[in-house]
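Student: Could you take me through one part of this model in detail? I would like to see how its residues are placed and paired.

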Amino acid sequence: MTGVAAETPRAIEAAGLTAVVGDVPLSVFGDAALHRNLEDLDWLAAVARAHDTVIGALVAQGPVVPVRLTTVYRDDDGVRAVLREREAEFTRVLDNVTGRTEWGVKVFLEQEPETGSTVANPAARGAGTAYLARRRAALTAQQQQERSAGEQASRVHTRLAELAVASRLNPPQNRTLAGEDARMILNAAYLVEDDKARSFTEAATRCDRDEETIRVQLTGPWPPYSFSSWEEP
């Protein structure tokens, strides 16, 4: 296993905790260089995959608090200091994620509402009143479809949150980032007991089948990225 700079990860211990770290060159991960590299999506994707691979391997061994990709310390003493200073926060999070896994759920609008067509030649629209009536009807239908999709997405979230220990609602991703033509209307993460994972995934599958206007996409299991804040709730 190699880390984000093709290095071999190693362990640093303090306060009864173990941090898994990798030695990286400041020419790549120093402040100025890192600022440039984060604009390079290919570089960022490769580093993120390496980071996730290490975390995934560690999760297989026991509870892990994933640290952000760009967390850099100057030396081992800096790492030991943060382990000692924030022992309580790390311990709280480790206790919270033990025996639990993160699952992601994205809900997409299966079919975009039709807003009604426009006509270049005003004369072809017929009477102005009739045209406005058609436009109002189209907008009303659009609003009703979007409201229905929103209600369905809310039902999905409520249903899945009841099966989870905790949940997080994140901003919906745009089409480019999501890699989907459909519009995302829900982007959520759920922390689920490992012995309830099957019930959770089956519930997500039923939600996708039962709701008409939306499509439910389940991803995971993931390390608990969304539930690893060091701060007190």
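Which residues are exposed on the other side of H4?

Tutor: Happy to help! This is a predicted model, where local features need pLDDT of at least 70, side-chain atom pairs count only at pLDDT 80 or more, and totals for chains, interfaces and linings use all residues. Residues are numbered from 1 along each chain as its sequence is written, and side-chain values use heavy atoms, with hydrogens and water left out.

Asp77, Arg84 and Glu85 are the exposed ones there (exposed is over 50% relative accessible area, buried under 20%, partly exposed in between, with a 1.4 Å probe and protein chains only). Helices (H or I, at least four residues) and strands (E, at least two) are DSSP runs, numbered from the N terminus. The buried residues of H4, which spans 76–85, are Val79, Val82 and Leu83. These cover an arc of only 100 degrees around the axis, so they sit on the same side of H4; the arc is taken from the directions from the helix axis to the C-beta atoms. Their cover includes strands E1 (10–14) and E2 (17–21) and helix H5 (87–97), counting contact as heavy atoms within 4.5 Å.

Now for the charged pairs: a salt bridge is a side-chain nitrogen of Lys or Arg within 4 Å of a carboxyl oxygen of Asp or Glu. Asp76 pairs in this way with Arg10, the closest N and O atoms being 2.8 Å apart. Because Asp76 lies in H4 and Arg10 in E1, the pair ties together parts 66 residues apart in sequence. Asp77, with a relative accessible area of 53%, forms a salt bridge with Arg80 at 3.0 Å.
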